[in-house]
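I opened a fresh notebook page for this structure and set out to look up how its parts meet. The entries below follow the order in which I checked things.

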Amino acid sequence: MHTLPIKTAARRQFVDITAKVERLLAQEDITTGICYLFCPHTTAAITLNENWDPDVQRDMSLALDDISPQRADFKHAEGNSPAHVKTSLVGSDHFIFIKDNHLILGRWQGVYLAEFDGPRTRQLYIKFSPD
Amino acid sequence: MHTLPIKTAARRQFVDITAKVERLLAQEDITTGICYLFCPHTTAAITLNENWDPDVQRDMSLALDDISPQRADFKHAEGNSPAHVKTSLVGSDHFIFIKDNHLILGRWQGVYLAEFDGPRTRQLYIKFSPD
Amino acid sequence: MHTLPIKTAARRQFVDITAKVERLLAQEDITTGICYLFCPHTTAAITLNENWDPDVQRDMSLALDDISPQRADFKHAEGNSPAHVKTSLVGSDHFIFIKDNHLILGRWQGVYLAEFDGPRTRQLYIKFSPD
């Protein structure tokens, strides 16, 4: 299992980690298999989405703020309940197929760490399993 | 890895693909294992939900439009940011257990391609792994 | 494959199942591997989130009610469309890495059955795969 540290720079941020995951994968020798990604945090998640136009991540961040806003009646003392909700919606665990030692992503697909309560240094757990 | 083409017929649509996945699985010989489903698109996703009453899909589509509406301040030029948001919420990657060469789904569970920006021809990637 | 019955006690409830999954895992002998969790229901899901402050689950439940409210124009006769929507948002299938026969969770992470239409007895399907 690999541990990939990711430094986030803002309260909310989508960090494209595709190249970093590919760099880890390059150390292996996997013809076909599966890449498993796991985020061990409760206010950050992992998602696959468009990597061409950065406005997609910007719009997604605005949308998630609307979907999971702060509420006066939230009780969690740390005040970051919206970040916890976003984490459960977006998901902590995702997988991608591997072929010829590369991730098989769609033409517009990238892998993102979704920071919802930064800036922080996050750790991702990554496992590559040959078929 | 199998590639399953799915033609969608509307802007937003839930297409029940359970029988198609089962047909691909029937070509294999897996006593127990896991079926991995991956959607390589950024405005379509995969989900498991009720396959008995089609009103569930209709209601779900209405609900998702409310959850991720169009906004005047979205910047993504293609105008389909709501579809990108829905994709990250519903998820591109899902798995189902296999027993006796069949998917082990709950009594009311079906597998759906969730189209958020159709109509288009979508491709799903599917892998069956024996235990 | 293991089947884990979980009795829920309320209409909406997050049940911490981490210890129960660990107890099943203790019967195995896995140095490194993956734990796969699957919920075969369409009005309950599985999620990973904070297990320290129970207010996080309370706040998350409130937030999900806002995200997926009842609507007058929903047609599904059972009246539980909001629970179906929540299920697709939170997800039926999740995985966690295993090391030294234990789940590798983050410091604040627990595994939850998310009940959206209880109280009921739910069944979870669980598989442990060595690497």
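How many residues of chain B are in contact with chain A, and how many of chain A with chain B? I was working with a predicted model, and in it I found 29 residues of chain B in contact with 34 residues of chain A.

Entry on area. I looked up what the two chains bury between them and noted about 2500 Å², with 59% of it on carbon and sulfur atoms. On the side of chain B, I listed Phe38(B), Ser88(B) and Lys127(B) as the residues that lose the most area to chain A, together 22% of what that side buries.

Entry on polar links. Between chain B and chain A I counted 17 residue pairs in polar contact, taking pairs with both residues at pLDDT 80 or more. I also looked for salt bridges across this interface and found two, one of which joins Asp66(A) to Arg71(B), with their closest N and O atoms 2.7 Å apart.

Entry on what chain B supplies. I saw that strands S3 (32–38), S5 (93–99) and S8 (121–130) and helix H3 (81–90) of chain B each give at least two residues to the side that touches chain A. The largest share of that side, six residues, comes from H3(B). Sorting the residues of that side by kind, I wrote down 14 nonpolar, nine polar and six charged.

Entry on a helix. In helix H1 (residues 18–25) of chain B, I noted Thr18(B), Val21(B), Leu24(B) and Leu25(B) as the buried residues. I place them on the same side of H1(B) because they cover an arc of only 125 degrees around the axis.

Key. Residues numbered from 1 in each chain as written. Chains lettered and ligands numbered in written order. Predicted model: local features only at pLDDT ≥ 70, side-chain atom pairs only at ≥ 80, totals over all residues. Heavy atoms only, no water. Contact = heavy atoms within 4.5 Å. Buried area = accessible area lost by both parts, 1.4 Å probe. Salt bridge = Lys/Arg side-chain N within 4 Å of Asp/Glu carboxyl O. Polar contact = N/O pair within 3.5 Å; in protein donor to acceptor, adjacent residues only side chain to side chain. Helix = DSSP H or I, 4+ residues; strand = E, 2+ residues; numbered from the N terminus. Nonpolar A, V, L, I, M, F, W, Y, C, P; charged D, E, K, R; others polar. Buried < 20%, exposed > 50% of the residue type's maximum accessible area, 1.4 Å probe, protein only. Arc of directions from axis to C-beta.
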